[in-house]
Amino acid sequence: MPLDQTSLLIELEPVVATNLDRHLSLAKEWFPHEYVPWSEGRTFDGLLGGEPYQPTDSTLPDVARTALIVNLLTEDNLPSYHHEIATLFGRDGAWGTWVHRWTAEEGRHGIALRDYLTVTRAVDPVELERARMTHMQAGYTNGHPDEILHSIAYVAFQELATRISHRNTGKATGDPIAEQLLARVAADENLHMVFYRNLLAAAFDLDPNHAMRAVTDVVAAFQMPGANIEGFGRKALSIALAGIYDLRQHRDEVLQPVLRQWNVFGRGDLDGDGEKARDELAAHMEELEQQAARFEEKREARRVRLNR
Ligand SMILES: [Fe+2]
Ligand SMILES: [Fe+2]
């Protein structure tokens with residue numbers, strides 16, 4: 001019998017407590033203001049009569065600006081994410097302490113990115129603010145609102161996906177200051193990933209078939225947390241074409257390493273629906289392999305065409 005949601009919360013709480021302590025011992029304090037080159041800033045037009053934004057204010061490549069906007073809008077939706085996990089995990093005991101700590105750390109990411117972008121005039125601040133209003137008003141809803149294991153599996157992958165995306169966005173800027181900032185944010189995301197990954201590893205030992213089903217469902221339906229940003233499809237395509245976040249990275253650098261940690265394909269404790277879910281996952285990973293290879297071929301052909 002799979003454990004019900006309340007039993008899962010109770011059984012996993014000691015694991016949350018242990019991993020919370022682990023997290024707090026590893027997480028380094030850092031300050032967003034130290035990462036921003038404030039002396040480069042200039043007053044904008046409007047109330048204070050400064051200089052209007054112009055695209056030539058910054059030399060950042062277009063695709064890096066696009067990726068920075070997507071990453072920032074994704075971070076901006078934190079109130080929705082907080083609502084979703086606080087509703088599911090609760091605000092009591094170790095679960096609650098984690099929820100609030102995690103939220104506080106995530107809050108830093110949006111602050112740091114926005115300060116950097118505004119001071120360096122890397123993006124149009126009016127467009128950015130309008131995009132934030134639109135995006136936050138749409139909100140974010142968990143794809144599996146009543147399923148704790150599905151939600152933990154999702155965040156394990158999602159934290160690693162944002163880690164990779166922040167890190168590669170930093171590289172794509174060509175600006176050592178942005179790169180340093182995004183590497184710092186990526187380090188936070190990595191610790192978040194480890195927390196959720198360890199939690200689901202414990203769930204695998206507790207209720208293997210149930211955990212396996214959760215993982216398969218989540219991998220099959222995976223969408224980035226910012227997938228409902230206006231114009232996301234177009235933005236995600238240019239981000240993939242630039243190699244900042246593409247299907248190959250999603251499969252090989254996000255899904256695979258986490259699946260390997262859970263020993264998904266080597267476990268001897270699955271049967272029934274768990275075994276079926278594992279077979280579905282294997283087929284899906286193979287399908288992703290083919291899609292990733294196809295995308296890489298097309299991207300290479302496009303590169304050759306554009307360089308002719
Ligand atoms: Fe974040
Ligand atoms: Fe995170």
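In the predicted model, A161 lies in helix α6. With a relative accessibility of 0%, A161 counts as buried, because the limit for that class is 20%. Setting aside residues up to four places away in sequence, A161 touches F222, M224, Y245 and V254. The C-alpha atoms of A161 and P225 are 9.6 Å apart in space, although 64 residues separate the two in sequence.

Helix α6 itself covers residues 148-173. Of its 26 residues, 22 are buried, so α6 is largely enclosed by the rest of the structure. The end C-alpha atoms of α6 are 37 Å apart; this agrees with the 38 Å that its 26 residues should span at 1.5 Å a residue. G174 follows α6 and has a positive phi, near 70°.

The next helix, α7, comprises residues 176-206. At its start, the backbone nitrogen of I177 is approached to within 2.9 Å by a side-chain oxygen of D175. The 31 residues of α7 should span 45 Å at 1.5 Å a residue, and the end C-alpha atoms are indeed 45 Å apart.

Helix α7 also contributes to a metal site. The iron ion (ligand 1) has as its protein donors E75 (OE), E75 (OE), E106 (OE), H109 (ND1) and E189 (OE), at distances of 2.0 to 2.4 Å. Along the chain these donors follow the spacing E-x30-E-x2-H-x79-E. Distant parts of the chain are linked in this way by the pair H109, in helix α4 (residues 93-119), and E189, in helix α7, which are 80 residues apart. Both residues of this pair are shielded by the protein: H109 counts as buried at 0% relative accessibility, and E189 counts as buried at 1%. E106 is a bridge between the iron ion (ligand 1) and the iron ion (ligand 2), and the two ions lie 3.9 Å apart.

One of the residues in contact with H109 is W30. W30 is placed in the loop between α1 (5-26) and α2 (62-76). Despite this loop position, W30 counts as buried, at 5% relative accessibility. Apart from neighbours within four places in sequence, the contacts of W30 are Y35, R108, H109, A112, L181, R184, V185 and D188. With D188 there is a polar contact between the two side chains, at 3.1 Å. A283, by comparison, is 42 Å from W30 in space, C-alpha to C-alpha, and 253 residues from W30 in sequence.

Two loop residues were examined for their backbone conformation. Most residues other than glycine have a negative phi. R121, which is not a glycine, has a positive phi, near 55°. R121 is found in the loop between α4 and α5 (125-138), and at 1% relative accessibility R121 counts as buried. N263 likewise is not a glycine and has a positive phi, about 50°. The location of N263 is the loop between α10 (247-261) and α11 (272-307). At 41% relative accessibility, N263 counts as partly exposed, because this value falls between the 20% and 50% limits.

Over the whole chain, the protein contains 11 helices and zero strands. Its pattern along the sequence is accordingly written α-α-α-α-α-α-α-α-α-α-α. The radius of gyration is 21 Å, close to the 19 Å given by the globule rule for 308 residues, so the protein is as compact as a globular protein of that length. Along the principal axes, the C-alpha atoms fill a box of roughly 65 × 50 × 35 Å. Among contacts in the protein with a separation of 6 or more, 83% are between residues 24 or more positions apart. Of the 308 residues, 49% count as buried. The protein exposes about 14800 Å², of which 53% is supplied by carbon and sulfur atoms.

Conventions. Residues numbered from 1 in each chain as written. Chains lettered and ligands numbered in written order. Heavy atoms only, no water. Donors = N, O, S within 2.8 Å, 3.2 Å for Na, K, Ca; no water. Helix = DSSP H or I, 4+ residues; strand = E, 2+ residues; numbered from the N terminus. Buried < 20%, exposed > 50% of the residue type's maximum accessible area, 1.4 Å probe, protein only. Contact = heavy atoms within 4.5 Å. Polar contact = N/O pair within 3.5 Å; in protein donor to acceptor, adjacent residues only side chain to side chain. Expected span 1.5 Å × (residues − 1). Rg over C-alpha atoms; globule rule 2.2 N^0.38 Å. Areas by Shrake-Rupley, 256 points an atom, 1.4 Å probe, with all protein chains shown as cover.
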